[in-house]
Amino acid sequence: MDDTPESSPALKAFGLLETIAAMDHAPTLAELTELTSLPKPTLHRWMSMLEGADLVRRMPDGRRYELAARATSLAFAILSNNPGSTQRHQILQRVARDLGESCNLTVLQGGEVMYLDRVEAALPLRVAFQRGSRVPAHCSASGKMFLALMAPTKRERLLGTLSLDRHTPNTLTDPGALQAELTAIRRQGYALDDEEFLTGLFCIAVPVFGRTGRECLAALALQAPVVRLSRENAVERLPNLQAAAEALAVTLT
């Protein structure tokens, strides 16, 4: 029997979670068997254990697996409290101070974006969100940024599971209109929320890329009432936001 630390059940389970998290789509049991070189009965037993612990869950088709709530909550807690969290908050404070508006850093969790950190503006007429707040991806600037930069097959699969609920008269609820918006976002490199989630609130978001420059790890967004931020002046903030996004990337990789 192998008594090395790497052979412990806990680390084997962690390694399996890492494999699933690293994939650009929800894998089947057959795909995981090939990737891990584990016998199918053994892998099935491990997946059943992880599923019972709410660390993975089956997709509606019953064949594919994705990370479940407990695993994504753990990932969020790690990101929120890792050594780079203080530096990230300082970067957000600097952006909020320089641009005079609230800013936030979000990560994607399923069909929603979750606020990893946020700094509020000192000005009146602001909307307060807390760490851990969730917003639907289809009607937020950050969410549309994630969707636009996602691998096409993964994006199509995720969009197929989303309910494009209307939150304001500006919410994009037509799949064709949303796809056209995502195409424009990929081309221009930033996303806007023009009163699509909350009436009176405008937002502009930019991606925070990983080391390869292709994977969107997080999104940095500036948020303000429409009386102060709009399509006409939001793009002027892009250089500050993009510079901050590059600094934030260092804290996440």
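Contact here means that heavy atoms lie within 4.5 Å of one another. In this predicted model, that criterion places Thr-28 in contact with Arg-63 and Arg-64, once its neighbours within four places in sequence are left aside. Thr-28 belongs to the loop that runs between α1 (9-22) and α2 (29-36), and with a relative accessible area of 8% it is buried, because the limit for that class is under 20%.

**Salt bridges**

Side chains of opposite charge can pair when their charged atoms come close. Across the whole structure, a search finds ten salt bridges, and the table sets out three of them by their N to O separation.

| Arg partner | Acidic partner | Closest N to O separation |
|---|---|---|
| Arg-57 | Glu-66 | 2.7 Å |
| Arg-231 | Asp-194 | 3.0 Å |
| Arg-97 | Asp-98 | 3.8 Å |

In the salt bridge between Arg-57 and Glu-66, Arg-57 has a relative accessibility of 41% and counts as partly exposed, while Glu-66, with a relative accessible area of 25%, is likewise partly exposed. Arg-97, the partner of Asp-98, reaches 58% relative accessibility and therefore counts as exposed, the cut-off for that class being over 50%.

Arg-231 forms a salt bridge with Asp-194, with 3.0 Å between the closest N and O atoms. This pair links distant parts of the chain, since Arg-231 lies in helix α9 (residues 231-234) and Asp-194 in strand β6 (residues 191-194), 37 residues apart. Arg-231 is partly exposed, having a relative accessible area of 45%, whereas Asp-194 is buried. Elsewhere, salt bridges that share partners join Lys-144, Glu-181 and Glu-196 into one network.

**Strand β6 and its hairpin**

The strand that carries Asp-194 also takes part in a hairpin with β7. In a regular strand the side chains alternate between the two faces of the sheet. In β6 both faces are covered, with Ala-191 and Asp-193 buried on one side and Leu-192 and Asp-194 buried on the other.

Strand β7 (residues 201-209) pairs with β6 in the antiparallel sense, over four bridges, and within this pairing Ala-205 of β7 is the bridge partner of Ala-191. Six residues lie between the two strands of the hairpin, and in this turn Glu-195 has a positive phi of about 55°. Strand β6 thus brings together two features described above: the antiparallel pairing with β7 and, through Asp-194, the salt bridge to Arg-231 in helix α9.

Methods: Residues numbered from 1 in each chain as written. Predicted model: local features only at pLDDT ≥ 70, side-chain atom pairs only at ≥ 80, totals over all residues. Heavy atoms only, no water. Buried < 20%, exposed > 50% of the residue type's maximum accessible area, 1.4 Å probe, protein only. Salt bridge = Lys/Arg side-chain N within 4 Å of Asp/Glu carboxyl O. Pairing = 2+ DSSP bridges.
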